[in-house]
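Work through the exercises below with the sequence and the model open. Each one sets a task and then solves it in steps.

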Amino acid sequence: MLIRVLGSAAGGGFPQWNCGCPNCRGVRAGSLKATARTQESVAVSSDGDQWFLLNCSPEIRQQIESFPPLHPRAPRHSPIGAILITNGDLDHCLGLLSLRESHPLVIYATERLRRGFIEGNVLYRTLDRFPGQVTWRTLQLGKEEELADVDGRSSGLLVEAIGVPGKLPIHLETGGRPDPADSVGFRIRERASGRVLAYLSGVGAVNDAVRRALDGADCVFFDGTFWSSEELPGLGLGTKRAEDMAHLPVGGPDGSLARLGGLAARRRIFIHVNNSNPMLRDDSPERAHVQAAGWEVAHDGMEVRI
Ligand SMILES: [Zn+2]
Ligand SMILES: [Zn+2]
């Protein structure tokens with residue numbers, strides 16, 4: 001299985017347009033040992049020919065252009081077989097509206113996520129201009145599905161969605177009660193090799209479902225949004241703690257590094273990293289801590305083969 005990180009930052013990207021935190025100022029000025037990052041999206045493929053996107057960021061056009069295997073091979077064509085969505089936050093699905101150039105799209109999502117995206121959304125009409133412009137394929141929690149393109153061409157990849165502790169996107173917070181199908185992680189299994197990618201880019205806590213999703217995976221991508229609970233308030237960037245935003249911090253005695261110490265996966269990678277996170281700096285103590293524990297920090301253009 002081939003895995004290509006198209007974007008590795010949390011919502012807002014790195015640097016974020018309205019952020020003057022030390023990280024964002026430093027990366028703009030070139031005074032920091034750190035690399036700019038676009039918002040989270042990852043491409044996976046079994047054969048290197050047909051690709052599947054995990055999340056569709058607002059920077060999707062630039063991200064597709066950044067990776068030649070995603071370029072068209074005919075006057076009207078895309079090697080992107082389908083797009084999978086982990087939750088309804090706009091940094092994960094707003095890019096769908098940018099793929100509006102009359103091309104048939106296949107989207108895998110839970111029914112909750114589908115409704116959250118299309119209901120009451122007049123902008124969705126841009127993806128509903130002809131029959132079959134979007135084919136939604138419903139993911140049911142705990143049920144493995146074969147990934148296929150619009151023609152039903154098999155990909156050799158199977159996906160299982162796992163409900164993870166999360167929260168409703170901000171624009172739906174007033175609209176009802178949260179549900180486990182609002183925020184999911186993926187276990188993607190390659191049929192031929194049996195190799196498993198566990199992709200959990202937004203996780204509020206480590207519970208049994210999360211542990212089961214990670215169990216036996218060859219490669220793990222995990223929520224790396226914040227280093228500490230008090231990161232945003234501490235930098236004067238807001239009042240919310242990491243947990244209020246349904247992101248388990250990486251550091252600290254109860255953070256994901258400590259909680260996931262026993263993982264056997266060959267590659268363990270933090271993704272969806274917020275611009276405020278000190279582990280973005282290549283020479284920070286936090287980065288050294290992550291690396292000493294056998295984890296990596298995703299960057300745009302990173303490739304993993306399992
Ligand atoms: Zn996000
Ligand atoms: Zn910043």
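The exercises concern a predicted model and cover its sheet, its zinc sites and its cysteines.

**Exercise 1. Give the strand order of the open sheet of seven strands, and find which strands stand at its edges.**

Solution. Start with the order: the seven strands run β7-β8-β9-β10-β11-β12-β13 in an open sheet, and their pairing is mixed. Next, look for strands with a single partner. These are β7 (145-148) and β13, so each has one side without a neighbour in the sheet.

Then take examples of each sense of pairing. Strand β8 (residues 154-163) is antiparallel to strand β9 (residues 184-190), with seven bridges between them. In this pair, I162 has G185 of β9 as its bridge partner. A parallel example is strand β11 (residues 219-223) with β12, joined by five bridges.

**Exercise 2. Describe the surroundings of strand β12 (residues 267-271): which residues are its bridge partners, and is the strand largely enclosed or open?**

Solution. Begin on the β11 side, where V220 is bridged to R268 of β12. On the other pairing, β12 and strand β13 (residues 296-297) are parallel and share two bridges. Here F270 is matched with V297 in β13. Between these two strands the chain passes through helix α8 (residues 285-292), giving a right-handed β-α-β crossover.

Finally, check burial, for which the cut-off is under 20% relative accessible area. Four of the five residues of β12 are buried, so the strand is largely enclosed by the rest of the structure.

**Exercise 3. Identify the protein donors of the zinc ion (ligand 2) and classify their arrangement.**

Solution. List the donor atoms: C19 (SG), C21 (SG), C24 (SG) and N275 (OD1), at 2.2 to 2.3 Å from the ion. Now examine the angles. They span 100 to 116 degrees among the four donor atoms, so the arrangement is tetrahedral. For reference, the ideal angle for four tetrahedral donors is 109.5 degrees.

The spacing of the donor residues in sequence is C-x1-C-x2-C-x250-N. The site thus brings together distant parts of the chain: C21 belongs to the loop between β1 (2-7) and α1 (22-29), whereas N275 belongs to the loop between β12 and α8, 254 residues apart. C21 is buried at 4% relative accessible area, and N275 is buried at 2%.

**Exercise 4. Find the protein donors of the zinc ion (ligand 1) and locate H92 and H272 in the chain.**

Solution. The donors are D91 (OD), H92 (NE2) and H272 (NE2), and they lie 2.0 to 2.4 Å from the ion. Written as a sequence pattern, their spacing is D-H-x179-H. H92 sits in helix α3 (residues 90-93) and H272 in the loop between β12 and α8; the pair is 180 residues apart and links distant parts of the chain. Both H92 and H272 are buried.

**Exercise 5. State how many disulfides the structure holds, and explain why C93 is not bonded to C56.**

Solution. The count of disulfides is zero. For C93, find the closest cysteine sulfur: this is in C56, 8.5 Å away. The cut-off for a disulfide is 2.5 Å, and the sulfur atoms of C93 and C56 are therefore too far apart for a bond. C93 itself is buried, with 4% relative accessible area.

Terms used. Residues numbered from 1 in each chain as written. Chains lettered and ligands numbered in written order. Predicted model: local features only at pLDDT ≥ 70, side-chain atom pairs only at ≥ 80, totals over all residues. Heavy atoms only, no water. Buried < 20%, exposed > 50% of the residue type's maximum accessible area, 1.4 Å probe, protein only. Pairing = 2+ DSSP bridges. Right-handed = clockwise from strand over helix to strand, strands pointing away. Donors = N, O, S within 2.8 Å, 3.2 Å for Na, K, Ca; no water. Tetrahedral: all angles 85-135°; square planar, octahedral: opposite > 155°, others 65-115°.
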